[in-house]
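User: Please take a close look at a single part of this protein and explain, for a first-year student, how that part sits within the rest of the chain.

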Amino acid sequence: MNLKEHAVFRRRSARGTAAACAAALALTLGLAACGSDDGDGDQTSTTTANVVPELGPGQKVSIVFESYNLAQAGPWTDTFDSLIADFQKSHPNITVTAQKPQTSTLKGYGSAATASIQAQLATGNAPDVAQLTFGDLDYTVDALGAKPLDDVVGRDAVQANFAGTHPFAPPARTLGDADGKTYGVPFVFSTPVLYYNADLFRQAGLDPEKPPTTWAEFRTAALAITERTGKDGSYIDCLTKVSGDWCYQALVASNGGSVISEDRTRLTFAEAPAVAAVRMAQDLVASGASPKLSQDQAYPAFARGEIGMIVESSAAQEIFLKGAAGAKPPWTLRAAVMPSFDAKPAVPTNSGAALFMFAGDAAKQRAAWELIEYLTSDAAYTQITSRIGYLPLRTGLLDDPKGLKTWAAENPLVKPNLDQLARLKPWVSFPGKDYVQIRTTMLEAVENVVYNGADPQRTLSEAQEQAAKLLPRS
């Protein structure tokens, strides 16, 4: 490996250790956090001497915040506009210009956002804070040059932000880490949730109090809905290049597989567990348990009450709730954890994004950090969860009468997402400058198998052979 690729390998290995430690702590969702290892076996320092100074009294600063959620109409944009307005009321010296990604040249989950940052960096006009997905982490650090927050504001300040009255859930804290430092503060977040139409369950003779717990039961329930109600039975939003690979990674991991080796040198999405997972999804379509729909078709169809079940991010929860209430006739939305492959435990991955800093000027860096602190605060998560459906990473808010306790009691749909946080496996980003093409090649093959009936083993093997050529070489 060259030096840069070796650094990436070391970093990602260290991040895996931190994630494993956090996952163990997740069982209690306690306050303790694991130390970060820098790859040499030593714990990183908890302080940094050369941090940017606080803003002076009356010092005016203008910064730009870029978020892909601002490209989405409805609760996403409304909530983010509200958050920025609230921040500026409490920070009158900081002016925030919020913008959506400035280019959509590249296709695929999250890639338009990184392409936007890259284009703006080339002109010397990058945003000061940007929301980028965890699947873009390697590229964000290596190619885009996101700032290590531990160096900019000090590791103590970063860890203090993870603490507070309602500390971050331990599994989330290290998801934006690289080289033993925090580059991205986890922000919006969800796991794959099984949403279902309780009314269609009853019409099909199914018990809505007993949703499917395995993919075999999922298939049986979907066929019953199709045969007895005339509606479509199910949809899994994990199987196309539009949906991205975060949920697909959960599907594969739940069957004991992976998409890339642990040392990140070899692709593994054509190995037996992954092939079997894709074959299961192919059978759902071939049997009539799932229709041939795009994500753009499935979202509104489920909201209208025309599909019995959908495996989806909780980011769609508010849309589904509004759809169910406004449908004719209205219907009842329920939620459950992701189904498993028989006796194997389901392994949920996380979708979502972290907040990264690109500001170079010291005053803008301080203002950017204050925005990051606010957007990951108790007040912000109260809005983000109640208005959109993303999981509050400050999970204690769900038990706080001044936070989300009342909302949680009225919205039990949050429970599956919270339950799955305790056994989370982080969404893995592919290494190298061609990571988007690797991901797209994999997901195009999955699409071809599931929706066009292509041979699973041959199609995935050919795609893996092609994508392997794009991995960084030693």
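Analyst: In this predicted model, strand β3 and strand β11 (residues 353–357) pair in the antiparallel sense, joined by five bridges. Within this pairing, Thr133 stands opposite Ala353 in β11. Strand β3 also pairs with strand β1 (residues 61–66), here in the parallel sense and over two bridges. In that pairing, Glu66 stands opposite Ala130 in β3.

Strand β3 covers residues 129–133, and five of its five residues are buried, so the strand is largely enclosed by the rest of the structure. In a regular strand, the side chains alternate between the two faces of the sheet. In β3, Val129, Gln131 and Thr133 point one way, while Ala130 and Leu132 point the other way. The residues on both sides are all buried.

Leu132 leads to the next element, since it is among the residues that Thr140 touches. Thr140 is found in helix α4 (residues 137–142). Thr140 is buried because its relative accessible area is 0%, and a residue counts as buried under 20%. Leaving aside residues up to four places away in sequence, Thr140 touches Thr114, Leu132, Gly145, Ala146, Phe356 and Phe358. Of these, Leu132 belongs to β3, and Phe356 falls within the residue range of β11.

A second sheet offers a parallel case. It is an open sheet of four strands in the order β8-β9-β7-β10, with mixed pairing. Its edge strands are β8 (232–236) and β10 (333–336), each of which pairs on one side only. On average, neighbouring strands of this sheet are turned by 20° against each other, direction ignored.

Both kinds of pairing can be followed from β9. Strand β7 (residues 192–197) and strand β9 (residues 307–313) run antiparallel and are joined by five bridges, whereas β8 and β9 pair in the parallel sense over four bridges. Ile310 of β9 takes part on each side: Tyr195 stands opposite Ile310, and Ile310 is also the bridge partner of Tyr235. Although β8 is an edge strand, four of its five residues are buried, so it is largely enclosed by the rest of the structure. Helix α11 (residues 295–303) lies across β7, β8, β9 and β10, and runs at about 120° to β9.

Two further features complete the surroundings. The structure holds one disulfide, formed by Cys238 and Cys247, whose sulfur atoms are 1.8 Å apart. Both of these cysteines are buried. Elsewhere, helix α10 (residues 272–286) and helix α17 (residues 435–452) pack at an angle of about 35°, with their axes 7 Å apart. Val278, Ala281, Gln282 and Val285 of α10 make this contact with Val446, Val449, Val450 and Tyr451 of α17. By class, the contact has seven nonpolar residues, one polar residue and no charged residues.

The chain as a whole gives the setting for these parts. Its secondary structure comes to 18 helices and eleven strands. Of its 474 residues, 58% count as buried. Among contacts with a separation of 6 or more, residues 24 or more positions apart account for 76%. The chain exposes about 18500 Å², of which carbon and sulfur atoms supply 52%.

Methods:
Residues numbered from 1 in each chain as written. Predicted model: local features only at pLDDT ≥ 70, side-chain atom pairs only at ≥ 80, totals over all residues. Heavy atoms only, no water. Disulfide = S-S within 2.5 Å. Buried < 20%, exposed > 50% of the residue type's maximum accessible area, 1.4 Å probe, protein only. Axes fitted to C-alpha atoms, helices over the stretch in contact; angles between N-to-C directions. Contact = heavy atoms within 4.5 Å. Nonpolar A, V, L, I, M, F, W, Y, C, P; charged D, E, K, R; others polar. Pairing = 2+ DSSP bridges. Areas by Shrake-Rupley, 256 points an atom, 1.4 Å probe, with all protein chains shown as cover.
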